[in-house]
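Subject: Structure handover

Hello,

Here is the structure we talked about. Please open it beside this email and follow along.

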Amino acid sequence: MPTEEIRVRGTVQGVGFRPTVYRLAKACGLRGDVCNDGEGVLIRVSGSEEAITEFVARLQTECPPLARINQLTRTIYEGEFKFDNFVISSSVSNAIKTEITPDAATCPQCQKEIFDPFSRFYRYPFTNCTHCGPRLSIIRAIPYDRCNTSMSAFAVCSECGKEYHDVENRRFHAQPVACHVCGPTAWLERADGKSVTASMFSMLDDVDAICSLLQKGEIVAIKGLGGIHLACDATQETVVQKLRQRKKRYHKPFALMARDVEIIEQYCIVNAKEKELLTSSAAPIVLLQASDKKQLASSVALGQNTIGFMLPYTPLHHLILRRMNRPIVLTSGNIADEPQCIDNDEAREKLGTIADYFLFHNREIINRVDDSVVRVLGDKVQTIRRARGYAPASISLPPGFQNVPQILAMGSELKNTFCLLREGKAIISQHLGDLENAAAFNAYKETLNLYLNLFEHQPEIIAIDKHPEYLSSKLGKELANTNQIKVYPVQHHHAHIAACMAENEIPLDSPPVLGIALDGLGYGDDGTLWGGEFLLADYRKFKRLATFKPVAMIGGEQAIYQPWRNTYAQLLAANLWDDCEQKYTDLEIFKFLKNKPLRLLNQLIEKGINSPPASSVGRLFDAVAAAIGIYRDECSYEGQAAIAMEAIVDVSSLNNDKETLIYPFNFSFSDRIYYIDPRPMWQALLNDLQQQIPQPIMAAKFHQGLANAIVEMVKHLSQENLINQVALTGGVFQNCILLKEVTKRLETLGIKVLTHSLVPANDGGLSLGQAVIAAAQLIHKY
């Protein structure tokens, strides 16, 4: 009888893959075994040719819900074969080539069990099976066996052991399997150190008590899957304001969690695709359009018309929200921009002045994993933050990258991720935050070391951003020097474009695309700050064809958080300040700017002191927002003014092509590059301010005008360079209105538009671009 070895690679460990193999092999009458190893799953089978073929076909069609087969190879097995039946063999440790499964939301079967009084998992907050539960957040090493996770601290009881070894049970070889008898426990503490007595609550248990505390207006720190969150009632303005003050998060929107979709629909409009995302195993935060049905506390999402909602994704959250008929805030347990707390003692120390109560448990969180954020635009999913539920699932690289050596890409300074490249796959870390915060940088280094060890990754080259001061770049250089390997600096906007190309499966040797990268800023090849770029690019090189007219960022980083600085700089660059002093003295923006130290600011610009010129479209958005009266003086996070301006746009004006509803831009050519000049836009905007045109109309005219200017530039450049594909990337293209308007206009011209879906358009996707550019250089070299 034929005997074969079947190698399966992909997401095949910890997802019930071996039990499925066992069941199908028995059904097909095969003998042999299956085991986990460093490459994935190895199967040896003996039987008729027809039976083995049927087995392989069913294996691919009846794959478990969380599994993903990337590659399946069959070869003749010529070794010793002593199997009279089919069995599951012990795991084998060898070179690590398999994947780690993302954490998965509670499956419907486990949900049912935790609410079933006759189930032994009734009200157990750590119930899981092979279809759901912790993965990345608890793993220390591969293969994914209990001994290599934080569940190794809990010895399995006889009942759980019986289910673990029962091939017909969905907990067969579920590594985190546990119950009330043998698993982790949760408990309630007061932040003031006083004891919590049973008489305080007539509740079922400590987890159930959290619901009552939230309803009473308390702030509770809840240890969940990949970190600790801060929670409060999202309908009580007083407590939401209190949370903002204590957490020092004064303006950024809060994420919300609701018991079910029906509750979310009381506050937001939810379409079929958004519902699918909410209820998926990834269970991300989904940005939804707010409705007028019911009102949340006004401080939940200041200056925005979208709300970030998620559903419960662990039994703990399901149990807390069982009696909660309204949404709760569920935001990262940290202060300002520090990393989310994951340790009980750390939380007591850092969150003791924020939370009134703590709900802790004793299952260690090995890997900090923040909540993912996505939205639906048209029929396409856009990832804003890639973390829980998605990371570290690999992304297949386009044709041409199959045999790339191991590469490490360090990512950016803000919204950081890093990327490991190997065997035609990109493994991108979970979102790690802004590295300018010391605690975040330390967490970045810890997570990087963990990934390198988990995947036994030994890079031949390290890719970094060209910015000389980025901490990720400095660390990349140190690692390269220590390991005596090459470091490859990658231009920021080229990396953005390459990331967009890679996830859209543009082959390595394809003709260049026109990449439009609009963001806050990135270090340019000429040593200046770029942020509004039109690059003719492939994976190996790029040529800068056009940009936005550079304008000084007065005060450097201060310009990010004080939008008025950008307004003043733009008016000076457009030679309109004299006009303001003659014709627009009654405008609020003029009066506001006149009270600033303009002489000092002028000197800073003239002498080039901490006022670098930048072609940043992000800062142009800030400048326009401040001019029309949106977050003019201060912002607490980058892009706040721009986001608020997008939220007030008069959408009815967007479908009108009248020139009176589009702010104009100029075009010029100098030093072999085209420039988009916003001077006429500013002239028209000042006139509108004088005529007291409503903010929503002016915001719409700016969006329309900017989209029109971008498309006009593309029309010109595509004729000169024979371009038929355009990649839209960079954080500015997270603006839905701008992305829609540019895409619609370009597609009308017959141009194929590439946008982001799998990775963020912002700097969270940068590491993928760095990695494929470095890979292309290596391939070219050899």
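Two strands pair if DSSP finds at least two bridges between them. Keep that rule in mind for the first part. Also note that this is a predicted model.

**The open sheet**

Start with the sheet of 6 strands. The sheet is open, with the order β17-β20-β19-β18-β21-β22. Its pairing is mixed. The edges are β17 (395–396) and β22 (486–490), and each of these pairs on one side only.

Now look at β19 and β20. They run antiparallel and are joined by 4 bridges. R422 stands opposite K425 in β20. A hairpin links the two strands, with 2 residues between them. In that hairpin, E423 takes a positive phi near 45 degrees.

What about the residues of β20 (425–428)? K425 and I427 point one way, while A426 and I428 point the other way. All of them are buried.

β20 also meets β17. These two strands run antiparallel, with 2 bridges. There, I395 has A426 of β20 as its bridge partner.

β19 (419–422) has a further partner in β18 (407–409). That pairing is antiparallel too, over 3 bridges. I407 is matched with L421 in β19.

**Strand β7 and its partners**

Move to β7 (220–223). Are its residues buried or exposed? V220 and I222 lie on one side, A221 and K223 on the other, and all are buried. Both faces of the strand are therefore covered, given that buried means under 20% relative accessible area.

β7 pairs with β8 (228–233) in the antiparallel sense, over 4 bridges. K223 stands opposite I228 in β8. A hairpin of 4 residues joins the two strands.

β7 also pairs with β14 (357–361). This time the sense is parallel, over 3 bridges. I222 stands opposite L359 in β14.

**Aromatic rings**

How many aromatic pairs does the structure hold? The count is 19. A pair of rings is described by the distance of the centres and the angle of the planes.

Take F81 and F83. Their ring centres are 5.1 Å apart, and their planes stand at 75 degrees. The cut-off for edge-to-face is over 60 degrees, so this pair is edge-to-face. F83 is buried, with a relative accessible area of 17%.

Compare that with Y451 and F455. Here the centres are 5.9 Å apart and the planes are at 45 degrees, so the pair is tilted. Both residues are buried. They also belong to a cluster: ring pairs link F418, F441, Y444, Y451 and F455.

Two arginines lie over ring faces. R244 is over the face of F254, at 4.1 Å from the ring centre. R388 is over the face of Y313, at 3.5 Å from the ring centre.

**Cavities**

There are 5 cavities of 30 Å³ or more. The largest has a volume of about 130 Å³. Its lining has 19 residues, and the closest to the centre are P125, L225, T314, P315 and R363. By class, this lining has 10 nonpolar, 7 polar and 2 charged residues.

The second largest cavity holds about 100 Å³. Of its 14 lining residues, V551, Q570, A614, S616 and L620 are the closest to the centre. Which elements give two or more residues to this lining? They are β26 (551–552), α15 (564–573) and α19 (617–627). The largest share, 3 residues, comes from α19. The classes here are 8 nonpolar, 4 polar and 2 charged.

**A pocket to visit**

Last stop: the second largest pocket. Its space is about 670 Å³. It is lined by 26 residues, with R68, A282, G389, Y390 and A393 the closest to its centre. α8 (272–278), β16 (380–385) and β17 each supply at least two lining residues. So you meet β17 again here, as an edge strand of the open sheet. By class, the pocket lining has 13 nonpolar, 9 polar and 4 charged residues.

Best wishes

Note on methods: Residues numbered from 1 in each chain as written. Predicted model: local features only at pLDDT ≥ 70, side-chain atom pairs only at ≥ 80, totals over all residues. Heavy atoms only, no water. 1 Å grid on protein atoms, 1.4 Å probe; cavity = no way out; pocket = protein on both sides within 12 Å on 5 of 7 lines; lining within 4 Å. Points joined across faces, edges and corners; volume = space filled by probe spheres on them. Nonpolar A, V, L, I, M, F, W, Y, C, P; charged D, E, K, R; others polar. Phe/Tyr/Trp six-rings, centres within 6.5 Å; stacked < 30°, edge-to-face > 60°. Buried < 20%, exposed > 50% of the residue type's maximum accessible area, 1.4 Å probe, protein only. Lys NZ or Arg CZ within 6 Å of the ring centre and 35° of its normal.
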